[in-house]
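Me: I am new to this structure. Please take a close look at its largest pocket, and set the scene with the chain around it.

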Amino acid sequence: MIPQELPDSHANALAAGASDILANARVVATLDEAIADCALVIGTSARSRTLSWPMLDPREAGSETG
């Protein structure tokens with residue numbers, strides 16, 4: 001969902017001290033547009049999944065960007 005107004009107060013409340021990152025964020029219409037210039041995209045979840053995607057712990061994920 002694209003925010004109705006920027007900066008979105010709900011996003012700022014959830015940012016927990018990272019409002020500087022939100023201030024530099026850009027809003028795009030699609031995920032493809034959001035990651036178009038990325039070489040690596042990592043998603044996180046608190047839920048255990050049974051997907052066949054590679055699972056990395058934070059240290060392993062950090063070495064992937066290096």
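Reply: The chain has four helices and zero strands. This is a predicted model. From the N terminus on, the order of elements reads α-α-α-α.

Next, the surface. The chain holds 66 residues, and buried residues make up 5% of them. The exposed area comes to about 6,300 Å². Carbon and sulfur atoms supply 55% of that area.

Now the pocket itself. The largest pocket encloses about 600 Å³ of space. Its lining is made of 17 residues. Which of them are closest to the centre of the pocket? They are Ile-42, Gly-43, Thr-44, Pro-54 and Met-55. How does the lining divide by class? Nonpolar residues number 10. Polar residues number three, and charged residues number four. Gly-43, one of the residues closest to the centre, counts as polar in this scheme, because Gly is placed in the polar class. Ile, Pro and Met are counted as nonpolar.

One more spot helps with finding your way along the chain. Look at the loop between α1 (9–14) and α2 (19–23). Ala-16 sits there. Its backbone has a positive phi of about 45°, although Ala-16 is not a glycine. Is Ala-16 buried or exposed? The relative accessible area of Ala-16 is 72%. The cut-off for exposed is over 50%, so Ala-16 counts as exposed.

How values were computed:
Residues numbered from 1 in each chain as written. Predicted model: local features only at pLDDT ≥ 70, side-chain atom pairs only at ≥ 80, totals over all residues. Heavy atoms only, no water. 1 Å grid on protein atoms, 1.4 Å probe; cavity = no way out; pocket = protein on both sides within 12 Å on 5 of 7 lines; lining within 4 Å. Points joined across faces, edges and corners; volume = space filled by probe spheres on them. Helix = DSSP H or I, 4+ residues; strand = E, 2+ residues; numbered from the N terminus. Buried < 20%, exposed > 50% of the residue type's maximum accessible area, 1.4 Å probe, protein only. Areas by Shrake-Rupley, 256 points an atom, 1.4 Å probe, with all protein chains shown as cover.
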